Amino acid sequence: STTYSMTFSLFFPPLEVTINYRHGLPVITLTLPTRNERCRFTVKPMVTTVGAFLQDVQREDKGIERAEVFATDGSKISDATLMEVLLMNDFKLAINNTAYSVSPPVKDKLSSEHATEMEDIKSLVHRLFVALHLEDHQIRKERELLQKLDHLKEELLPLEQMKARIMDSADAKTSRLLWVGLALMSTQGGALAWLTWWVYSWDIMEPVTYFITYGSAMAFYAYFVLTKQDYIYPDAKDRQFLHYFYRKSKNQHFNVERYNKLKEDLAEAEESLRRLRQPLHLRLPIQEINDKD
């Protein structure tokens, strides 16, 4: 502390040490005491330490016997401190018997070149990490997906068997219902013909057929009011099939929601495995992957 007091009781030349940024790197300009000329030192703040910077200064001017860096409160800065940390705050540079007050530029006012360079470095480090660890990650991820697929298939197997039985039953009931409808329509047509030609005349049966037709139209309209769908034979058949299917599922305790969730998880796992086994897709942006697909 005594040495420090003696050093800084000497002359403080103004603006003898300046710091500017060029190409994203700090350039420290100072006057060499022996040669009495200005010299620039370009440092890499993320890798250069204070000790390395001071060694460069002493190597440039052999007449420098002592070079140290102090904080504004008088505490000495360790030689192991990175220049990036040092340049965050004001400091004092002591060369021989002269001390210089140094005020680094505010970081927010630095040029965008430095930020761009840092982003490029981060991107390069990320790509190197991916390149070095991609194969291990692929193998581990593929093993996890295969285990997940096996587990999902084991869960789905009994549900698939139960679903097949329920679908067969619902399909048989729907088919029987269609045949019953055809039989009823045939019976109705035969009865109307018998009444028209053998029992009554057409003058008597015409109003009857009219009201039967009008009643059928009312029935179809009622179907639309209840279901919000037109009475189209394929749609009506599918609706009846689903009615039988869900009723049978409830009776046999078949969880349709769980089955659908398992099927979605299985499809998602299979798609992930397909992409994982295509190394080219792993290195492409999402937009390019979608374009290729």
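Reader: What makes strand 2 (residues 25–32) and strand 3 a pair?

Author: In this predicted model, the two strands are joined by 6 bridges in the antiparallel sense. Two strands count as paired if there are at least two bridges between them, so the 6 bridges of strand 2 and strand 3 meet the requirement. One of the contacts across the pair can be named: T31 has R38 in strand 3 as its bridge partner.

Reader: Where does this pair belong, and in what order do the strands of the open sheet stand?

Author: The open sheet has 3 strands in the order 1-2-3, and their pairing is antiparallel. In general, strands of a sheet pair through backbone hydrogen bonds, either parallel or antiparallel.

Reader: Why are strand 1 (18–22) and strand 3 (37–42) said to stand at the edges?

Author: Each has a single partner strand, so one side of each is left without a neighbour in the sheet. Neighbouring strands of this sheet are turned by 30° against each other on average, direction ignored.

Reader: Which strands does helix 2 (residues 50–60) lie across?

Author: Helix 2 lies across strand 2 and strand 3, and its direction makes an angle of about 145° with strand 3.

Reader: How do you know that strand 5 (residues 91–95) is mostly covered?

Author: A residue is buried if its relative accessible area is under 20%, and 5 of the 5 residues of strand 5 are buried. F91, L93 and I95 point one way and K92 and A94 the other way, and all are buried.

Reader: What joins strand 4 (residues 67–71) to strand 5?

Author: They are joined by 5 bridges and run antiparallel. At least two bridges are needed for a pair, so the 5 found here suffice. A71 has F91 in strand 5 as its bridge partner.

Reader: How many bridges link strand 5 and strand 6 (residues 98–102)?

Author: Strand 5 and strand 6 are linked by 5 bridges, again in the antiparallel sense. Here F91 stands opposite V102 in strand 6. The two strands form a hairpin with 2 residues between them, and N96 takes a positive phi near 55°.

Reader: Why is the pair of Y210 and Y214 called stacked?

Author: A pair of aromatic rings is described by the distance of the centres and the angle of the planes. For Y210 and Y214 the centres are 6.5 Å apart and the planes stand at 20°. Ring centres must lie within 6.5 Å, and planes under 30 degrees apart count as stacked, so the pair earns the name. Both residues lie in helix 5 (residues 202–227), 4 residues apart, about one turn of the helix.

Reader: What makes Y214 partly exposed?

Author: Its relative accessible area is 47%. Buried requires under 20% and exposed over 50%, so Y214 falls in between.

Reader: Why is the pair of F245 and F254 called edge-to-face?

Author: The ring centres are 6.4 Å apart and the planes stand at 80°. Planes over 60 degrees apart count as edge-to-face, so the 80° of this pair decides the matter. Both F245 and F254 are buried, and they belong to one aromatic cluster with F241, Y246 and Y259.

Reader: How many aromatic pairs does the structure hold, and how many helices and strands are there in the protein?

Author: The structure holds 8 aromatic pairs, and the protein has 9 helices and 6 strands. Of its 293 residues, 28% count as buried.

Note on methods: Residues are numbered from 1 along each chain as its sequence is written. This is a predicted model: local features need pLDDT of at least 70, side-chain atom pairs count only at pLDDT 80 or more; totals for chains, interfaces and linings use all residues. Side-chain values use heavy atoms; hydrogens and water are left out. Buried means under 20% relative accessible area, exposed over 50%, partly exposed in between (1.4 Å probe, protein chains only). Rings of Phe, Tyr and Trp (its six-membered ring) pair if their centres lie within 6.5 Å; planes under 30 degrees apart count as stacked, over 60 as edge-to-face and the rest as tilted. Axes are lines fitted to C-alpha atoms, for helices over the stretch in contact, and angles run from 0 to 180 degrees between N-to-C directions. Contact means heavy atoms within 4.5 Å.
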